[in-house]
Structure formats: C-alpha cells, structure tokens
Amino acid sequence: MEQSFLLLAVIVFFPMLGAGVSFLTGRKDKVLRDRVAGCITIAEFLLLVLLLAVKGAGTASLVIPGICGMGLSFETEGFRAVYGTIAAFMWMATTLFSAEYFGHYRNRNRYYLFLLVTLGATEGIFFSADLYTTFIFFEVMSLASYVWVAQDERAESLRAAETYLAVAVIGGLVMLMGLFLLYNQTGTLKISELHAACAGKNVYAAAGCLFFGFAAKAGAFPLHIWLPKAHPVAPAPASALLSGILTKTGMFGILVISCKILLYDWKWGTFVLIIGTLTMVVGAVLALFCVDFKRTLACSSVSQIGFILVGVGMQGLLAGENALAVRGSFLHMVNHSLFKLVLFMVAGVIFMNLHKLNLNEIRGFGRKKPLLAAIYLAGALGIGGIPLFSGYISKTLIHESIVEYVEALEEGVLAQGLFGVSDMKIIEWLFLISGGLTVAYMSKLFFAVFVEKNNDAEVQKKYDSMSGKYMNPVSAAALAVPAVLFPLMGILPHLTMDKIADMGQSFCGLLENPHTVAYFSLANLKGGLISITIGVLIYLLIVRTWMVTKLPDGSTVYVNRWPRVLDLEDYVYRPILLTAVPTVCGGVCMVLDHAVDLLAKVLPIAGSVEAGLFDTITDSVIVFLRKTIYKDSPQPHELEEGNGLTHVCGCLVNRVVALLNLTIWRRHPRKKDYEHAFALAYESFKENTGIIGRSLSYGLILFCLGLCGTLIYLLISLLL
C-alpha cells in the first residue's frame, strides 16, 4: 500500500520536475534535451505499467493536505490506471516523434517544458480523487497546453490560441461555479462520495455548470469551436495529444457527472444524448467538407466525441441495464485516443516534409510509401468502424445499446422518457449515417494522399523520390507500434478489448461483467456494414462529384466546401462577445452614468428645497403651538407684562423722565411709558429665543458644532 502511495505521487509530479530538468538541459545542449525529455516520458510510461501490474483494477489513494486550502487527493482504480497508462504511452510516442518533427522549429525548449508540465497535470486529473483536485490540475493543463497552440507564433496560431484560451478560461469559471453549488448542497467533492451525497437532491444546476466546463475541453457541440481552429496551426505531436488525451480529460469529468452525481438519471441521460447526437453529426459534416488534412482530423475528433457522448447518454437511459453502453463508451474513448495519436502523427510526417496540409498541395505524397500508407490505413479503418479493427468493437457496443433501448421501449420494460421508439430509431440512423460520413472523409484523405497523383508531374516526381527518406526509424516506430494495435485488438476482442473494458467499467457503476458479446455475428455486423455502404455512397456521390472539380486542362482539384454557417466562432460567439455584449453593456453604463450625473445635480437642489420647506413648516407649527396650546397663563403673583427687572428698570426710568419733564424738558415733556416699552422688548426677545431654541435648524447647527468639536478632539488626541 505504501508503495502505491509513493507511486501515485511520483506519477503526478515526476514529469513536472522533469520539465525543469529538460529546460535547463536545453539551454546547454539541444540534442541532450531531446533525449532527456524522451527518457522522462519513457520512465513515466514504465511507472504507469508498474502501477497497472501492481494494482490493476484495485484501489490505492494518496492525500496531500494543506495545498491550496483543501489539499490534493489522488486515487487509482481500473479506469484511472488504464487511462493514465494510455496518456503516458501517447506522451512517450509523441515526444520521440518530436525530436525529428521539431528539427527546424524555434523555441523548442519552451515546447518541451510545457509538454512535460501538461503530462503531469493530465495524470493529476485522471488520478484525482475529488473534483477540487480535478479542477486544480485541469486549469494547470489548460494554461500549459495553450503554449502548444501558439508555438510557432504566427498570426493564425495566436488567434487560434486566443480562442483556445478563451474557451478554457470561460469553461473553468463556469466549472468553478458548479463546484461551489455542488459543495454547498452536498458538503463534499470527493468523487466516491458524490452518488450518496447527491441522492434526493436537485443538483441539476451544479451538474450543468460542471458539464459546461468539461464539455468545453471535450469539444462537445456547441463548445467545439477551438478544435477546428487549434489543430491546423498546432504542431502535429501537440495536436495528437490535444485530440487524443486532453479531450478525454473533459470526458472524464462528464463521466463523473453521469456516473457519480446523476447515476441512472434518465433526464440527464436524455440531455447528454441530445448533445452527443448533435456533436456526432456536426463534426462529421464539417470533416467531410474540409480540404485541410489536419482540420479534417480535428472535425473528426468532434464527431468521435459525439459517438462517446451518445454512449454516455445511453448509460443514463438504460439505467441498470447499461452494460453495453458503459463498455462501448469507455472502449471508444480508448480507441479514439490511439487513432488520433497515429493519424495526427501521419499528418506530422507530411507537414515536416512539405510544410503544407492542403489536399491539392500534398496530393500524391503518400504514393510509393507503403509503410506510411499502412499506418494511415490502420487508423482510418479503425476509426471508420471497419470489422476486424478495434473501432468496430466499440461502435458496435454503442450501437447495440441504442438497439437494446429501442427493444426495451417496444416491450414496455422501460418507461418511455422524452424519446419514444420512433425518436430513438432516428437517433440510431443518425449514428449509422455519422459512421458512414467517417468512412467517407477518411477515404477522401486516403485517396487524395496515397492513391491520386499530383497535378504537377515535377512535384509528383519529387514526392516519389522521398520514398524511404521521409522519416527516421525512431519516428517510424512511434507511428507503427500503436497502429499495429488496431487490427490486433479488432481480431482478438475478447482477449484484448474485453479485458480493458473489465478494468474500466466499475468507474461507471457497472460491477458485474456482462455476457460475452458475439461481435462478428450477422446481427452485430449489420450496423457496421450499413455505415460502410453509406460511406461509400457519400464518397462517390458527394466527394467525387461535388468536392472534386475538373479544370480545363483535364486535371482535378478539391474544392473547399466548408459550411461557413456552422462556424460558430466567427458568426456567433465573436460578434456576440466582442461586439454585441460590449455595445449593450456600454450603452447601459452610459445611461446609468448620465442618470447619476443628473441625480448629482438635481438632488442637492431638491434636498435644499425640501429642507427649507420642512424647516419653515416646523418653525410655523412651533410658533402656532407656542401662541395657542402652550401659551403661558398669568399667575396671581405675576406682573401683567415683563418681569421684575423690566419693572424696576422701567419705573426708575419713568421717575427720571418725570423729573426731567419738570425741569429740563418742561417745554417739551416726554409722554412714553418706559416700563411698558421694556416689557415689550423683553417679550419680543423671549419669544424669538424660544422659537430659535425649538427650531430644527438650530438643533442641526448645534449637532454639527458638537460633531466638529468631537473630530477636533480626536485629531488632537491622535497627534499627541
């Protein structure tokens, strides 16, 4: 157990440490750097093989507390061990191929640094035991792999990298919101505890946010926009990993939602089935009309993710009877990873020799190159679902899960959900037609590159002269070894693919091995043969007639029929996010700004008028009350007017005035009663001071004076 703990830590962090060693080595010796990077990936693959041999489908866990607050948690079981091994194998193959592919590239040191960092982050995702750990490594992986897309720093590369990063960041933010909601409702993010914690709770909002984040990385419609843009400009080894493995980290998250959070939920299964069907069909249509080799493979990846999502959706609809869907979707994940490893490296061989990928320019390159043709055919026949190749096995299982569900609906074994029998038969035919489209676009690439001749005879002669010189033995081995697996697994499915499915099925809630499937029975061959027939017809009737145009000199060229209406980035997302949203938000902000300015001007005036009005009303009320209800009534001992002081002073002044009237003022005597005058002055003073004392304005003035005094006191205290 302790060895397993240590092994998990080494598997996740060893490549990241190796990235630093590789970078420092590359500053001194570039050839040695390539060898160091290759040795690191080989060692990582051997570590995963060791884990697979030691633990197999068994479990082991590792917790590193205190990191990023909640700590990091890792766990291994069958599914994780299998996909961790596939990831390490793909990194090993692409790293060995990169030594030749990047022979004339700049910034190779940077590429290898982020290549190995992404390897560690990807292993961290597959071995994460809780969604918090998944999120941490998911973001590291997304940011590190951004450098792959922008590697050559051309304008189109930087624009594609911008799209890739935007999708990753937006998806990550929405995923984080989903984690907040899920943790708030369940109190845990541990994957093994989610099913029990979510039982009886409405977690659709959290699941929807998580699905958005994971589907963006998986390339599901309508979040697939980064794949057709990133793959044509990214280096071929990076494209193989982006399509083969990084999309599967998104599928890993979708499986956590579908098999842990919402296990056997038919509503969720229906939603995933709809998304999967749209993704499957749209990707296949886009791939058919491409004339760029790598863009065709990129759109093919979108379609194949759709096939996998259809299988995941069927898991929810079939509930406890979903063995075919579970095994089919998992095996197609494995198959697609290996298919795209081989096919993108074939594209890499073409590009590193010609630096072109347009079918009209690379036409005829594969003639007289039997090894490259055989490697491509192995991948093309596999992904096309041709019998005796591994892709046929996984597609047959997914197709039979649809047939099984239709039969269950017809027999009344399962309650009808959103889709009835006729709806499911439409989905079945879309599945078969998408398989036919796969055959058609892979045939288009094969005939254009390996069968037809280039329109320029001199160019074709140059291509033919490259036979035996177009890749070195290490690159040839990196392509040939995984290609050999496709017919091997297709011919011996019970010894190979069934064993792989047995290891991975427990993660999806399937604990018992189902009955053995007769893969090559007529009933199971029927679906594959229908797709092949449809593919041949599409190739002959659409590709050869509509996509191939004859020139006046008798030669033919492939015409780009890419449906611009399906380019959601240029026609929907960028206009909305970069034009409509800023315009609307800017308009709203401008209106609010003017409203605030208006209020800033109006409010002081309105406040002044209001304060004056209320002050006048208050003073008037006080005066009225003072003169009526609260008017003083005379007491027996009180003077009629004035007070004692005014009485004494008035009497004294009256006597002085009387004396003066008898003497000095005898001719003009004064008749004024000063006692009464002093009393009136006193009453006026008393009334005014009473009104002021009771007024609101006076109270506010006193309050302000007191507040100013307090502030002055506090300032003096602070200074002292």
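## Charges over aromatic rings

A charge sits over a ring if NZ of Lys or CZ of Arg is within 6 Å of the ring centre and within 35 degrees of the ring normal. In this predicted model, Lys369 meets that description with respect to Phe365, its charged end lying 4.4 Å from the centre of the ring. Lys260 is likewise placed over the ring of Phe507, with a distance of 4.9 Å from its charged end to the ring centre. Phe507 also belongs to an aromatic cluster, together with Phe79, Tyr83, Phe126, Phe252 and Phe330.

## Aromatic pairs

Across the whole structure, 33 aromatic pairs are found. One of them joins Tyr101 and Phe102, whose ring centres are 5.3 Å apart and whose planes meet at 75°, an edge-to-face arrangement. Tyr101 has a relative accessible area of 5% and Phe102 one of 0%; because buried means under 20%, both residues count as buried.

Phe211 and Trp268 also pair: the planes of their rings stand at 90°, with the centres 5.6 Å apart, and the geometry is therefore edge-to-face. This pair connects distant parts of the chain, since Phe211 lies in helix H8 (residues 204-218) and Trp268 in helix H11 (residues 266-288), 57 residues apart. Both Phe211 and Trp268 are buried.

## Nonpolar cores

In soluble globular proteins, nonpolar side chains tend to be buried together. The largest nonpolar core here comprises 182 residues, of which Leu182, Phe293, Val346 and Tyr376 touch the most other members. Helix H13 (residues 323-354) is the greatest contributor to this core, supplying 21 residues.

With residues up to four places away in sequence left out, the contacts of Phe293 include Leu343, Val346, Ala347 and Ile350, as well as Leu357, Leu359, Ile362, Tyr376, Leu445 and Val449. A second core, separate from the largest, has 18 residues, among them Met280, Phe307, Leu318 and Met424.

## Helix H16

Helix H16 covers residues 390-411; its 22 residues should span 32 Å at 1.5 Å a residue, and the C-alpha atoms at its ends are indeed 32 Å apart. Most of H16 is covered, with 18 of its 22 residues buried. Gly412 follows H16 and has a positive phi, near 75°.

## Strands S1 and S2

Strand S1 (residues 60-64) pairs with S2 in the antiparallel sense, over five bridges. Within this pairing, Ile64 stands opposite Leu72 of S2.

All five residues of strand S2 (residues 72-76) are buried, so the strand is largely enclosed by the rest of the structure. In a regular strand the side chains alternate between the two faces of the sheet. On one side of S2 the buried residues are Leu72, Phe74 and Thr76, and on the other they are Ser73 and Glu75, leaving both faces covered.

## Backbone exceptions

Most residues other than glycine have a negative phi, and most peptide bonds are trans. The bond joining Phe221 and Pro222 is cis, with omega about 5°. Pro222 is placed in the loop between H8 and helix H9 (226-233).

His355, although not a glycine, has a positive phi near 60°. His355 belongs to the loop between H13 and helix H14 (359-362), and its relative accessible area of 52% makes it exposed. Lys368 is another non-glycine residue with a positive phi, about 65°. Lys368 occupies the loop between H14 and helix H15 (370-383) and is exposed at 56% relative accessibility.

Technical notes
Residues numbered from 1 in each chain as written. Predicted model: local features only at pLDDT ≥ 70, side-chain atom pairs only at ≥ 80, totals over all residues. Heavy atoms only, no water. Helix = DSSP H or I, 4+ residues; strand = E, 2+ residues; numbered from the N terminus. Expected span 1.5 Å × (residues − 1). Buried < 20%, exposed > 50% of the residue type's maximum accessible area, 1.4 Å probe, protein only. Phe/Tyr/Trp six-rings, centres within 6.5 Å; stacked < 30°, edge-to-face > 60°. Core = buried A, V, L, I, M, F, W, Y, C linked by side-chain atoms within 4.5 Å. Contact = heavy atoms within 4.5 Å. Pairing = 2+ DSSP bridges.
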